[in-house]
Structure formats: structure tokens, C-alpha cells
Amino acid sequence: KNSIKAMEKELVTCNLQGKEKAALKRSQIFQIPKGKDLETKVIVVLGKAGMGKSILVQKICQDWSNGEFSQFEFVFWFDCKQINLPEKQYSLKDLLLEFFVKPQEGSKEIFEYILQNPAKVLLVFDGFEGLQDHENFPRCSASQPEKDLCSIKELLSGLIQKKILNGCTLLLTARPKDKVYQYVSKVDKTIEMVGFSPQQRELYITKYFEGLPYCDDALKLIKECEYLFSHCYSPLMCRFVCFLCETVLEMGDESLPSTLTTLFLKFVQQKIIPVQTGVTATRNQESLATLARIAWYLGEKHQSAMKSDLLPSKEVKEFALKYGFFLPFAFLRHSESGEEEFGSTFSDFGIQNFLGALHLMLAEEIKDKSVTKYLSFPSKKKKPYNWLDLLPRFLAGLLFLQDDPFFSCLSNKDVKQSTKKRKTLLKYIRRLQINELCPERLLDLLHCIYETQSNYLLQHVALRLKPDLSFLGVVLTPPDVHVLYYILKRSRKEFSLDLRNSSIDMQGLKDLVGLKNVASFRASLSDTVRLWKSLEQTRDYELLRASTEKFVLDPFKAKTMKDVSDLSDLVEMEEKMINCVQDACGCSSYEIPAIKKLRKLEFALGPVCGLRGFLKLVEILAAFPSLQHLDLDALSENGIGDEGAESLSEVFPTLTSLETLNLSQNKITDVGAEKLATALPSLSSLKTLSLYNNSICDFGAENLAKVLPAMASLRVLDIQYNKITGVGAQQLTDSLQKCPHIKNLVMWNPSIPHGVLEHLQQLDPRISV
């Protein structure tokens with residue numbers, strides 16, 4: 001089973017522009033673009049707690065010891081939660097050669113070699129959040145930072161600021177919500193660990209139970225509990241669920257708990273109840289309450305570790321270690337400091353969160369009226385940073401489990417206080433403006449309500465959700481999707497969902513789209529096409545047709561080459577689907593409504609990919625018969641130039657619904673203007689044409705002037721900020737006399753004399769400047 005823990009996790013490059021995720025091998029982690037050889041390189045690995053970041057860095061160290069990553073002669077790995085003690089100070093030499101590994105001889109020479117060859121050094125700081133608290137990250141002020149004593153935060157700050165060991169490689173691991181970028185000004189590479197896919201979950205569970213008589217039963221049992229199976233996307237949670245499932249099967253039970261709260265409650269029961277007698281029960285309850293208080297107060301400081309001698313008693317320490325709530329470790333110590341110091345850390349983040357919630361529920365000093373401030377769904381978008389992010393869910397779940405007979409085994413406290421806290425929670429949720437919550441806080445609320453399993457609260461929230469739910473750019477994990485699905489299913493309303501850039505997995509998208517009361521949805525095009533291809537392969541033609549009818553595309557903005565490629569794939573998919581849906585449903589014709597109803601298309605790829613992307617887009621424009629607004633005006637300027645203008649003019653006859661064409665700021669010259677002018681009369685519905693801020697001169701203006709009378713639908717022409725002189729302006733004005741249908745001609749150009757422009761404006765007031 002230990003080897004299972006080291007299963008390689010999928011690494012994904014973090015993408016700020018919503019590009020496709022790309023799997024990354026460990027060997028690629030340290031590949032940085034050239035030109036950075038002489039500077040410190042900072043690589044950040046993000047991942048929620050339990051995603052396997054620590055396993056990854058340990059595997060990197062193991063790979064290095066086996067001859068991989070040969071660019072590094074020295075690799076130093078530090079667990080941040082174990083080295084971050086306020087009273088501890090280190091020099092760089094102490095940290096590397098006294099605390100981490102002590103060479104038998106030649107320490108001075110080795111350290112000098114490290115200072116002279118920083119590019120050959122890799123420093124790994126695992127659990128960057130272990131260095132964060134409510135204070136600002138201090139700047140390194142030491143005059144000789146390699147030799148002077150500093151706190152670990154100052155030392156790391158000096159490394160990041162390139163004051164210390166400039167040219168080395170820093171690998172930091174952190175949770176996505178942590179404020180890494182507040183302390184690290186420039187990151188060379190960001191990688192995110194996204195956990196297991198559904199197939200990887202099944203593989204892990206099968207490997208865990210391999211060789212045991214109930215191997216098949218275990219997988220079936222876990223998959224039947226869909227909520228727990230969704231949590232198995234987290235490697236740590238997957239192992240936790242497997243451990244509990246093993247215990248349940250050995251005891252002959254036939255079901256698993258249905259919520260996270262009952263799962264952890266069952267875990268605690270299995271640990272301490274089978275071995276306790278009447279005498280030990282009270283002692284265990286007291287020790288558990290003490291541990292719960294420690295979990296909460298450490299969590300408030302963003303910590304999970306402490307010095308063992310700070311534990312209140314030997315009895316509590318033995319209880320925590322015996323039942324697996326704590327793991328021991330030895331503090332890094334200087335060889336001259338005497339006795340070795342030991343610390344204790346919570347065995348995993350889930351245990352600390354659960355015990356912290358238990359403390360909030362049982363502690364008499366925390367009154368019922370203040371309990372709601374520890375929940376994470378205030379109506380304001382900004383909230384105090386909550387390090388124990390699972391705690392609100394456990395708190396809500398525990399408040400609704402206090403009548404459970406097993407729960408009474410955990411505490412000898414009077415339940416009156418916790419009953420008051422439950423009533424306070426109920427009252428708070430009843431008053432909450434649910435339809436005003438931002439997406440992240442709404443998800444927090446849904447998780448908390450799910451943990452209560454209160455039919456009243458589930459129905460209360462389901463009825464108060466707003467019909468338009470947007471999760472645009474909000475990462476939806478499998479558990480998020482499960483609770484959203486569970487509560488939407490209870491509502492009688494119809495919903496419109498925006499799931500773009502949410503990283504939703506295939507099964508989650510399929511489940512949500514398949515809900516009868518989800519009337520429409522938007523999702524990333526690549527996800528949508530993948531879903532439809534999957535439904536086609538499994539011959540689920542009913543859901544395929546229903547999902548195509550619910551899909552919304554309008555308006556669409558292409559910002560990357562991938563957006564254009566995805567749109568092209570969507571059009572191609574329609575052609576393939578027509579035949580299979582017609583055959584399956586007996587339809588005489590079939591079209592994807594979203595494609596046929598697309599009215600507004602914006603193009604903003606910028607100058608690097610602008611022309612290439614636009615030429616690809618032009619190939620599929622004819623597939624959108626309802627297109628009314630084509631906008632190529634972008635802040636970064638697409639620069640499609642004359643080649644793009646010519647390519648576009650060739651498809652004008654197919655754009656029969658086009659009313660607005662914005663070609664502003666695209667480096668179009670007289671050559672492109674001539675091509676456009678020739679084809680413009682075929683745009684039979686065009687009302688507004690903008691050629692603002694291009695490079696059109698008098699010859700281009702002359703060609704436009706010739707076709708204006710033939711453009712019967714045109715109402716507004718904007719040709720300001722080009723290179724037209726008074727000659728071109730006069731030609732346009734003469735043509736305007738033959739065009740009573742045009743309402744406005746915007747014509748100011750720096751090359752037209754002001755007096756000429758005023759004169760033309762007096763001749764025709766429709767000219768504006």
C-alpha cells in the first residue's frame with residue numbers, strides 16, 4: 001500500500017488565458033525558457049491540500065538520487081511547517097549543511113562551492129502556506145545573508161529577492177488560494193496538480209484492495225456512494241475513503257457514510273471506541289476535546305505543527321500518537337544546541353479541520369451567536385482568509401449530528417449549548433440572501449447544507465437559487481458538481497448554467513446538462529465537443545439531442561487560437577451529428593441551434609496570431625446564418641491587414657444577416673479597402689461599417705465612395721483616423737449626396753485640413769467629426 005501513495009499524479013500547467021490543460025511529466029518540471037541561466041528560477045506547484053504535492057517533491061528527490069535531473073549537484077528539501085518557528089534563526093550555511101544534512105568533513109569547502117555554483121542547486125520548500133500568517137512576509141535585511149542569522153521567512157525572502165544564492169532554482173509548493181504571488185513577485189513557471197480522473201480513482205481503489213477477498217466489493221461500495229467517490233479525486237481523500245471502506249467491510253457492514261462529516265466521525269469511532277471501557281471513555285473524551293482545541297488554535301495561526309513539549313500533558317500526547325491523530329517529527333537542530341527537539345503535526349488536513357469544527361461546536365466559551373462568523377458564505381465577495389477551508393462544512397454537519405448515538409460517545413458535554421448553535425445556524429441561513437452570493441460563496445453554502453442532510457435546509461436553498469447561475473472561471477471540483485447537481489435536482493425552477501473555464505470534468509458536465517430543469521447551459525467549447533463525441537460513441541442520442549438544444553453560444557469571443565480551433569471543431573461536429581441524429585430520431589433534418597442562432601462574434605487574438613486565426617475563422621463564417629455583429633476591434637489590435645480583408649470580402653455573399661461590421665485598427669490599406677469595396681454591396685443587411693484607425697488613403701476612399709449608393713441598408717460609416725486627405729473626403733461627400741439612406745458619416749482625419757472638413761460638414765450635416 002505504501003507504493004500506492006507514490007502513484008504519479010497528473011500535473012497540469014496552470015493557464016491564465018483558459019488554454020487547454022496539458023499533462024506534464026516530472027522530467028519537464030524544470031524546463032525553463034532560455035535566457036534565465038544567470039538568475040534565480042522560481043517554480044510554483046499549486047494543489048489543494050491532499051493533492052500529493054509532498055509526494056511529488058519526495059519523488060523528485062528520489063529521481064535525483066537515481067541519476068535524473070543531472071543539472072543539479074545539490075538538492076535540499078524542507079517541510080515548511082516543521083522549520084517555521086518564530087524563535088528559530090538560521091544562516092544559509094546552517095540551514096543547508098547543519099540542519100538538512102551534515103557532511104562528515106569539508107563543510108566550509110562544500111558551502112563555498114555552493115556559493116560559487118548556484119545554478120547547480122535546487123531548493124525545495126514544501127508547504128509554502130506553512131510560512132504564511134497574518135503578518136506581511138518580511139524583507140531580508142541582513143548585510144551578509146549567507147552567513148548572518150535570520151528567520152526562515154527572511155532567508156526565503158532573500159532567496160526570492162535574489163539577494164542570496166542568485167542563480168539557484170527554487171521549487172515552492174502551495175495551495176491555490178494561498179497568497180503566493182503576494183510574496184513572490186515573479187514566477188517562471190506555475191504548475192497545478194488537479195488530482196485523479198474517474199479512471200485513476202478506480203485504478204487507485206483497485207490497487208489498494210488488490211489481493212484482498214473483497215476487492216470487487218470495495219470498488220462497488222465506494223462507487224455507489226457517489227459523493228465520497230467524487231472526493232476520491234483527491235489522492236489523500238481517496239486513501240482515507242479506502243481505509244474506512246476496509247474497516248467497514250471487515251466488520252461486515254454494507255454501507256459507507258453519506259457525507260464527509262459522518263465519514264470522519266466514523267473514522268474517529270473506529271479508532272477509539274472499540275478499545276475503550278467506561279473508565280477510559282471519559283479520559284478519551286477529554287483528550288479528544290483538548291486535541292480539538294489545539295486543532296482550532298493552530299489553524300487560526302495557519303499552522304498544523306507544534307513543539308511536542310507544548311502539549312498540555314503526556315496523556316494527550318500519547319492519545320494523539322496512539323490513535324493516529326498526530327505524527328511525530330524531529331526539529332532541525334544545530335549540532336551545538338544540545339538535546340534534540342521533537343514536534344507533532346496533524347496526520348492530515350482533514351483531521352485538523354474536523355477536530356477544529358468539533359471544538360467550535362463543543363467549546364462553551366464560543367457562544368451560539370458567534371458561531372456563524374466561522375462559516376464562509378457572507379454576502380460580501382471579500383471574506384477573511386480561512387485556512388481551515390473544510391471546517392465550515394464539518395461544523396454544519398456536526399451541528400445536525402448531535403443527536404447521533406455515536407456522537408455522544410465523543411463528548412460528555414451537555415448538548416444544550418450545541419442545540420442553541422444549531423438553531424442559530426438555521427436562523428442565519430433562513431435570513432441569508434442566497435441569490436446575492438458570489439459563485440465561490442454559493443458553493444461553500446451548498447457544501448455546508450449538503451453536510452447537514454436536512455431536508456428543510458436543502459429545499460430552502462433549492463427554492464432560493466437564482467435561475468441564472470454563472471460559474472465562469474470558477475474551478476468546479478467533482479464534489480462541487482455533486483452538491484450542485486444534488487440541490488438543483490430538488491428545485492422546481494428552470495436554470496441557465498454558465499460553466500465556461502470551470503475545469504468541470506466530463507461526467508460532471510454530463511450530469512448537470514442531463515437535468516430536466518437545466519434549460520440552457522454554456523461551457524467551454526472543447527468540453528462541449530468532447531461531451532457530444534462521447535454521447536455519440538455511447539449512442540446516447542436522446543441526451544445528445546437534448547444537450548445540443550440546451551447549448552448556448554451567443555455571444556462568442558475568440559481570444560486565442562484554441563478558441564478559433566474549438567469553434568471550427570463545433571461546426572465540424574454539427575456536420576457529423578446531422579446524420580447520426582437523423583438516423584436515430586427519424587428526423588428529416590437536424591441542426592445545432594446554437595450555431596444557427598449565433599448573432600455576435602468578437603475576434604481579439606492580437607497581432608501575433610491575428611491574421612492566422614482570422615483566416616481560419618473566415619473558413620467557417622458561412623456556418624452562422626444568423627450572424628449580425630462581427631467585431632474585429634481589439635485593444636491589442638488584431639492586424640489582419642489587406643490579406644485578412646480580402647479573405648473576408650470573399651465570404652460576404654454568405655453573410656446575409658450581418659448588420660454590424662467593425663474592422664477598426666486592423667492595418668488595412670488601400671489594397672484591402674479596394675477588395676472590401678468591391679464585395680460590400682453583397683452585404684444586403686449591413687447597417688454599420690467601421691474602418692476606424694486603419695491606413696486607408698484617398699484611393700481607398702474613392703473605391704468606398706463608388707459603392708456607397710449601392711449599399712441600400714447602410715446607415716453609419718466610420719472612416720476616421722485614417723490617411724485620407726481633402727481629395728478623398730470630397731469624393732466621399734459627393735457620393736453621400738446620392739445616399740439618402742445613410743444617417744452618419746464619421747470622417748475626421750488628421751490629414752484633412754480643418755477648413756475643408758468644416759466646409760464639407762456645412763454641405764452635409766450628416767458628416768460628423
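Two exercises on a predicted model follow, each with a worked solution.

Local features need pLDDT of at least 70, side-chain atom pairs count only at pLDDT 80 or more, and totals for chains, interfaces and linings use all residues. Residues are numbered from 1 along each chain as its sequence is written, and side-chain values use heavy atoms, with hydrogens and water left out.

**Exercise 1.** Place strand 15 (residues 600–603) among its partners, and sort its residues by face.

*Solution.* Helices (H or I, at least four residues) and strands (E, at least two) are DSSP runs, numbered from the N terminus. Two strands pair if DSSP finds at least two bridges between them.
- Step 1. Strand 14 (residues 556–558) pairs with strand 15 in the parallel sense, over 3 bridges. Here Phe556 has Leu601 as its bridge partner.
- Step 2. Strand 16 (residues 629–631) also pairs with strand 15 in the parallel sense, over 3 bridges. Lys600 stands opposite His629.
- Step 3. Leu601 and Phe603 form the covered face; Lys600 and Glu602 form the uncovered one. In a regular strand, side chains alternate between the two faces of the sheet.

**Exercise 2.** Classify the ring pair Phe30 and Phe72, and state what the pair ties together.

*Solution.* Rings of Phe, Tyr and Trp (its six-membered ring) pair if their centres lie within 6.5 Å; planes under 30 degrees apart are stacked, over 60 edge-to-face, the rest tilted.
- Step 1. The structure holds 24 aromatic pairs.
- Step 2. The centres of Phe30 and Phe72 are 5.2 Å apart and the planes stand at 80 degrees, so the pair is edge-to-face.
- Step 3. Phe30 lies in the loop between strand 2 (23–24) and strand 3 (41–46), and Phe72 in the loop between helix 2 (53–65) and strand 4 (74–79), so the pair ties together parts 42 residues apart in sequence.

Note on methods:
Buried means under 20% relative accessible area, exposed over 50%, partly exposed in between (1.4 Å probe, protein chains only).
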